Amino acid sequence: FVAGKQSHLSTMTTSTAILVLRHGISHSRNATKTIQPPELRKALSAPRESPFSTSGGLLRPFSTASPPSGKLSEEKGTTASPPPPISPNQNKANHIGISCITELSKAKLSALVVSTASFGFLAAGSPISWPTLVACSAGTALCSSSASTWNQIFEIDRDAKMKRTAHRPLVKGTVSSRSAKLLGTMTGVSGGSVLLYGTDPVTAALGVSNIALYAGLYTYLKPRHEINTWVGAVVGAIPPVMGWTAAGGSPSDIEAILMGSTLFLWQFPHFFALSWMHRKDYGRGGFQMVPVNDVHTKGDRTAALIMRYTAYLSTLPFLSTALDVTSPMFAIEGVALNAYALYVAKQFDKERSNANARKVFLTSLWYLPSFMMLFILHSKTWKDEEKAMDKNATEKWNVLLQNWIRDARNKGKELCLHE
């Protein structure tokens with residue numbers, strides 16, 4: 001009798017398992033309520049392992065298996081939620097497109113850095129080694145890209161709090177941190193290598209050290225102390241010195257010091273005006289900028305610093321002429337150039353509005369290329385070497401550049417009263 005009862009129980013269990021496979025957990029339980037004898041119902045009510053239920057590709061017991069997505073759960077009377085969709089950014093995070101590289105590299109800033117390095121190279125005079133100039137420009141661009149990328153890697157959390165940086169790839173998740181680190185490392189190594197083998201060890205050392213200074217010390221100080229702006233100004237002053245050394249000069253040459261000083265001083269009115277316009281945003285990010293901490297005094301310190309460094313900048317054309325680096329014409333033209341810069345700085349000092357700060361910022365954008373062009377045009381280095389160029393210039397590009405500079409100087413003499 002016992003043996004028969006066990007055989008009957010085994011047969012009923014097998015039948016129930018088949019029903020479970022065909023109709024799912026919920027239907028099988030309803031079915032067993034009508035066909036199960038009391039002994040079988042009691043045996044199946046206890047939790048036990050089964051190899052038949054799978055969820056997400058893993059074997060699980062029936063008691064913990066989830067109902068099929070979108071099916072009505074009769075036990076709870078609710079509809080099971082489908083698995084959450086995969087964000088498109090998750091699939092793109094490990095792939096860096098051109099637009100992402102451009103944003104990580106801060107392309108506009110890198111272009112400005114390359115232009116100042118080229119300024120330093122061209123200020124050294126002729127004959128121009130075009131392969132060396134290309135290597136200097138490319139290496140500087142790669143180093144700038146590396147520094148900007150590492151800066152964004154370290155500032156992801158702070159960038160996410162600011163409106164002007166919330167669109168950056170690392171913040172949006174369109175690029176993974178791992179991919180960004182790979183880009184920062186590759187551009188840094190390749191930039192240093194291009195400078196080392198395409199120019200000279202001094203230029204390469206300046207380029208690599210600037211990566212560390214910008215992505216390291218400057219980035220570290222931004223949320224901690226206002227002195228970060230002065231450290232950042234040193235970073236901006238190095239590229240024209242790199243161009244000068246790549247052309248064969250020395251960092252201690254008076255021309256290199258003057259060009260570096262120009263970039264150092266120029267950055268204060270430029271950046272203080274920018275950070276005043278975005279002072280609330282910088283405050284949200286937790287950055288220790290002078291305009292952020294200058295709110296209670298209504299911009300007194302910011303206005304004073306803009307005026308002070310604009311005044312310092314206006315002395316450089318006279319100093320350059322006094323040191324016999326440029327002709328007197330540079331000092332005269334510098335008066336007109338700096339008079340307007342001082343005017344807009346004074347306007348901001350009178351009224352600390354965003355509109356006046358924008359005028360200072362926009363003035364700084366055209367001031368720098370104008371200063372660099374005039375410096376080269378009136379450089380004594382170029383004037384002393386014109387005769388040598390006449391005798392030795394055989395390359396087409398050198399001849400074209402010589403003729404362009406000579407024509408520009410002649411036009412300037414026609415407009416100059418004292419000439």
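Mentor: Buried means under 20% relative accessible area, exposed over 50%, and partly exposed in between, with a 1.4 Å probe and protein chains only. Keep in mind that this is a predicted model, where local features need pLDDT of at least 70, side-chain atom pairs count only at pLDDT 80 or more, and totals for chains, interfaces and linings use all residues. Residues are numbered from 1 along each chain as its sequence is written, and side-chain values use heavy atoms, with hydrogens and water left out.

Trainee: OK, so what makes Thr 174 buried or exposed?

Mentor: Thr 174 has a relative accessible area of 16%. The cut-off is under 20%, so Thr 174 counts as buried. You'll find Thr 174 in the loop between H8 and H9; helices here are DSSP runs of H or I with at least four residues, strands are E runs of at least two, and both are numbered from the N terminus.

Trainee: Which C-alpha lies 8.0 Å from that of Thr 174?

Mentor: That of Cys 100, 74 residues apart from Thr 174 along the chain.

Trainee: And why does Lys 222 count as buried?

Mentor: Same kind of check: Lys 222 has 8% relative accessibility, so it counts as buried. Lys 222 sits in the loop between H10 and H11. Leaving aside neighbours within four places in sequence, Lys 222 is in contact (heavy atoms within 4.5 Å) with Asn 151, Glu 155, Asn 228, Phe 287, Gln 288 and Met 289.

Trainee: How do you know that the span of H9 is close to the expected one?

Mentor: The expected span is 1.5 Å times one less than the number of residues. H9 (residues 177-198) has 22 residues, with 32 Å expected, and reaches 31 Å from its first C-alpha to its last. Its buried residues include Ser 179, Leu 183 and Gly 188, and their cover includes H4, H6, H8, H10 and H11.

Trainee: What makes H17 roughly antiparallel to H18?

Mentor: Their axes, lines fitted to C-alpha atoms over the stretch in contact, with angles from 0 to 180 degrees between N-to-C directions, cross at roughly 170° and come within 9 Å. Over 145 degrees counts as roughly antiparallel (under 35 is roughly parallel, 65 to 115 roughly perpendicular, the rest oblique), so that is what H17 is to H18.

Trainee: How many residues of the contact of H17 with H18 are nonpolar?

Mentor: 14, alongside five polar and two charged. Ala, Val, Leu, Ile, Met, Phe, Trp, Tyr, Cys and Pro count as nonpolar, Asp, Glu, Lys and Arg as charged, and the others, Gly among them, as polar.
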